[in-house]
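I opened this one to see how the chain packs, and kept notes as I went. Entries are in the order I looked things up.

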Amino acid sequence: MVNMVKKLLLLSVFFSSLMFGGFQSALKKQKFLSPDEAFKVEVVQEGEQIVSTLTMADKIHIYEASMKFMVKGDKEVILKPVLPKAEELDGEMIYKGVVKVAVPLEQITSQISGDYTFSVEFQGCSDAGLCYSPIVKSYPFKGKELGVWEKIAKLSKEGNAAKIVDVLINESSVFVLFLFFIFGLLLSLTPCIFPMIPILSSIIVSQQGGEEKPSMAKAFFTSFIYVLAMAMTYTIVGLVAGLVGADLQAAMQNPWVLTTFAGVFVALALSLFGYYEIGLPASLQSKLSKASDDAQGKGIIGTAIMGALSALIVGPCTAAPISGAVLFISHTGDALLGGAALFVMSMGMGMPLLLVGLGAGKFMPRPGGWMTKVSQSFGVMMLALAIFMLSRILPDGMTMMLWSLLFMGTAIYMGVFENREGEGAMKLFRVLALLFLLYGASLFIGALSGANSMFRPFEKFTSATVTSVASSAVVEEDKASHLGYSVARLQAEIAASQKPVVVDFGKDSCTACKELEEITFPDPKVQEAMKRFTFIQIDLTANTDDDKALLKEYGLFGTPNIIFFDKDNNYLPEKSLTGFVPPEQFTAHLNEIE
């Protein structure tokens, strides 16, 4: 009996060792499939949908939760297609065999313009115990070819100068010129062009002389000279900026330059008020008359000068298009196409002004006492333009004081204190004068109290004194912290951030920069979206070598420019914004950045 037990024990040991050794041997001989052998992916377009087919080898499965679909073109979009029913394995939902997923083409083309890349991501395992790393397969597709008007509509909303450069490089010269002409027409429909209308109208009126009304040809010729001079100024300055890499706005917003131009507008305003007349010397007018038709020759030089000055007035409104042209010239050296693009854009902007010229000859009323009122109105606008230019270099409080004096003076010119019998509808006109007086007085009181905002002249009276003083101290401290940035300092602050980073480049002389600070950044929705970002503001007013180096480092021209970095500190040039951005658009833009 004992011997029998011993034999059984020996047999069990023998068989155990045999089985264990065979298992080890089998493990040593086990060969796992490579990822390409385990997973076969095919993505094709079938009619109005993109179909991805994932075929798995035997004893291979993938996890339903790991499957992701995305497209990347002019932006990146996560797709959410309907997935087939999965099966359960050890509490996880998986797929085996073949998985086919169809994505409607409309879901892609409604969000992506042009060509795009379709990507499939998944993670799978072998039943034998090996789990593969996540796998991403990408496939390029030709997107719907945009028509000319669709491209223009898309780019007209573009705030990224680099993307405009891409269009300039990849499109034909004819399309580029047509695109910039349309840009100009669109800009002419914005408030950018408004300051030029009274300037041009006053020039036409002043050249009317003793005529009952100017001829259509003469009025149109005056308008054409004005627009042509504006276009040539843009072209020359843009070419120089692009070829030498200069900061266009810094060069054109020098305090001496702005003060000189503001002085010109004040002189013109006083002339329109009737204090004196501005005209060329008789001898020079005589020479011009011989060189050109007398009816068209008068005032050509003055009209051209005013057109050139006007290019500076509308400068802040054209930030994105002109930056795109300047960057193109800088990157490619194609000064001919870049200069032509700037020229046709300026001519497009001038179309309403040419219409003013045509209309002046046809619809201008006969001379009379009304012309004095018109001249005075134009004079007020000239003074407003002078203050607008000086606001780029003067302290906010002083600018408010100048605006207050202008509004109160305008109210007096409008007869706010006069009370004549039988005026009828003119009393309604004095209501407007009264509003000007009240607003001007509000600005005056606000300026004396130390307020800085024309939208909130009584801000110093609406909060506790202690709070106001503390807020002022914080603002001053914040302003000081925006100065003295170098490339190294900025990169160090970005590297130290654990969040995505927004960097705003601005300067005191930049009107659009102030609009961002007054309108966009304080908006509650923007403030909420900015909570997940590190916000860095950099003041480039001094235009130091470090300031220039910062702009060069990120391929920027002028201000305002807003650039972005993701949470891993990667620069996102395709997300950069140039010029003023409304709060709603800026909030949506922030939400696209991870």
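What follows are my notes, from the whole chain down to single residues.

**Overall**

I am working from a predicted model, not an experimental one. I started with the secondary structure and got 25 helices and 15 strands. Of the 594 residues in the chain, 42% come out as buried. I then asked how the contacts spread along the sequence: taking those between residues at least 6 apart, 72% join residues at least 24 apart. For the surface, I have about 31,500 Å² exposed, with carbon and sulfur atoms supplying 63% of that.

**Nonpolar cores**

Which residues have the most contacts inside the largest nonpolar core? I get Y226, V227, F265, M306 and W403, in a core of 31 residues. I listed the elements that give two or more residues to this core: α7 (196–206), α8 (216–244), α10 (255–272), α13 (300–313), α16 (351–363), α17 (370–390), α18 (396–413) and α19 (426–449). The biggest giver is α17, with seven residues.

I picked V227 for a closer look. Leaving out residues up to four places away in sequence, V227 touches S346, M347, G350, L353 and L354.

Apart from that core I found another, of 29 residues. Its members include M67, V99, Y132 and F141, so I noted Y132 and F141 for the ring search.

**Aromatic pairs**

I counted 14 aromatic pairs. I looked at F39 and Y132 to begin with: the centres are 5.3 Å apart and the planes at 80°, an edge-to-face pair. F39 sits in strand β1 (residues 39–46), while Y132 is in the loop between β10 (124–126) and β11 (135–141), so this pair ties together parts 93 residues apart in sequence. Buried or exposed, I wondered of F39? F39 is buried, at 3% relative accessibility. Y132 is buried as well, with 6%.

Then I checked F118 and F141. Their ring centres lie 6.5 Å apart with the planes at 75°, and because of that angle I wrote the pair down as edge-to-face. F118 belongs to strand β9 (residues 116–122) and F141 to strand β11, 23 residues apart, so I logged this as a link between distant parts of the chain. F118 has a relative accessible area of 0% and is buried; F141, at 13%, also counts as buried. Both rings are part of one aromatic cluster made up of F69, Y116, F118 and F141.

I also looked for a charge over a ring. The charged end of R489 sits over the ring of Y485, 3.6 Å from its centre.

**S126, beside Y132**

S126 lies in strand β10. At 11% relative accessibility, S126 is buried. I listed its contacts, ignoring residues up to four places away in sequence: F32, K59, I60, H61 and Y132. That brought me back to Y132, the partner of F39 in the edge-to-face pair.

**Helix α24**

Which residues of α24 (residues 545–553) are buried? I found D547, L550 and L551. They span an arc of only 95° around the axis, which means they share one side of α24. The usual geometry fits in here: an α-helix has 3.6 residues a turn, so residues three or four places apart point the same way. On the face turned away from the buried side I found the exposed residues D545 and K552.

What do the buried residues of α24 pack against? I got α21 (487–496), β12 (501–506) and β13 (534–539). Just after α24, I noticed that G555 takes a positive phi of about 65°.

**Two more spots**

Q498 is in the loop between α21 and β12. With 70% relative accessibility, Q498 counts as exposed. I looked at its distance to T534: 8.3 Å from C-alpha to C-alpha, with their positions 36 residues apart in sequence.

Last, I turned to T578, which is in strand β15 (residues 577–578). T578 is buried, with a relative accessible area of 9%. From T578 to L556 I have 9.0 Å, C-alpha to C-alpha, and the two are 22 residues apart in sequence.

Methods
Residues numbered from 1 in each chain as written. Predicted model: local features only at pLDDT ≥ 70, side-chain atom pairs only at ≥ 80, totals over all residues. Heavy atoms only, no water. Buried < 20%, exposed > 50% of the residue type's maximum accessible area, 1.4 Å probe, protein only. Helix = DSSP H or I, 4+ residues; strand = E, 2+ residues; numbered from the N terminus. Arc of directions from axis to C-beta. Contact = heavy atoms within 4.5 Å. Phe/Tyr/Trp six-rings, centres within 6.5 Å; stacked < 30°, edge-to-face > 60°. Lys NZ or Arg CZ within 6 Å of the ring centre and 35° of its normal. Core = buried A, V, L, I, M, F, W, Y, C linked by side-chain atoms within 4.5 Å. Areas by Shrake-Rupley, 256 points an atom, 1.4 Å probe, with all protein chains shown as cover.
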